[in-house]
Amino acid sequence: MKTSPTTYLRQVKQEVSKITWPSRKEATSLTIVVMIMCLIFAVYFFVADYISAGIIKIILGIGA
């Protein structure tokens with residue numbers, strides 16, 4: 001079933017009016033949470049890489 005362009009645009013306008021945007025406080029707090037989680041994951045992967053590289057060096061007998 002096809003809809004006319006005007007019907008489509010009317011439906012889009014109705015759907016856009018249903019959107020609730022976060023407040024400035026919510027957006028700020030969520031941004032801080034995302035940054036903290038990124039930092040935690042970066043540290044975790046750095047440590048995991050460092051440890052696995054050391055284990056591989058020991059297994060292969062590379063380095064000191």
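## Where helix α2 ends

Right after α2, Gly-61 adopts a positive phi of about 75°. Keep in mind that this is a predicted model.

The helix itself covers residues 24-60. Does its length add up, and what span should we expect from 37 residues at 1.5 Å a residue? The answer is 54 Å, and the end C-alpha atoms of α2 sit 53 Å apart, which agrees.

## Aromatic rings along α2

Searching the whole structure turns up three aromatic pairs. One of them is Phe-41 with Phe-45, a stacked pair with 6.5 Å from centre to centre and 25° between the planes. Why are these two set about one helical turn apart? Because Phe-41 and Phe-45 are four residues apart in helix α2. As a general point, an α-helix has 3.6 residues a turn, so residues three or four places apart point the same way.

Phe-45 also pairs with Tyr-44: here the ring centres are 5.2 Å apart and the planes meet at 70°, so this one is edge-to-face. The cut-off for that label is over 60 degrees, while stacked needs under 30. Put together, ring pairs join Phe-41, Tyr-44 and Phe-45 into a cluster.

And how much of the cluster can be reached from outside? Phe-45 is exposed, at a relative accessible area of 52%, and Tyr-44 is exposed too, with 52%. Phe-41, at 46%, comes out as partly exposed, because the exposed label takes over 50%.

## A nonpolar patch

There's also a nonpolar surface patch of about 1,200 Å². Its members include Leu-39, Val-43, Phe-46, Val-47 and Tyr-50, along with a run of isoleucines, among them Ile-51, Ile-55, Ile-56 and Ile-59. Leu-60 and Ile-62 belong to the patch as well.

Take Ile-51 as one example from this patch. Ile-51 lies in helix α2, and its relative accessibility of 47% makes it partly exposed.

## One salt bridge

How many salt bridges does a search of the whole structure find? Just one. Its partners are Lys-18 and Glu-15, whose side chains meet with 3.2 Å from N to O.

Are the two partners buried or exposed? Lys-18 counts as exposed, with 57% relative accessibility, whereas Glu-15 has 46% and counts as partly exposed.

Conventions:
Residues are numbered from 1 along each chain as its sequence is written. This is a predicted model: local features need pLDDT of at least 70, side-chain atom pairs count only at pLDDT 80 or more; totals for chains, interfaces and linings use all residues. Side-chain values use heavy atoms; hydrogens and water are left out. Rings of Phe, Tyr and Trp (its six-membered ring) pair if their centres lie within 6.5 Å; planes under 30 degrees apart count as stacked, over 60 as edge-to-face and the rest as tilted. Buried means under 20% relative accessible area, exposed over 50%, partly exposed in between (1.4 Å probe, protein chains only). Patches are made of residues with over 30% relative accessible area and no salt bridge: like charges are joined within 9 Å, nonpolar side chains (Val, Leu, Ile, Met, Phe, Trp, Tyr) within 5 Å. Accessible areas come from the Shrake-Rupley method with a 1.4 Å probe; for residues, only the protein chains shown count as cover. A salt bridge is a side-chain nitrogen of Lys or Arg within 4 Å of a carboxyl oxygen of Asp or Glu. The expected span of a helix is 1.5 Å times one less than its number of residues.
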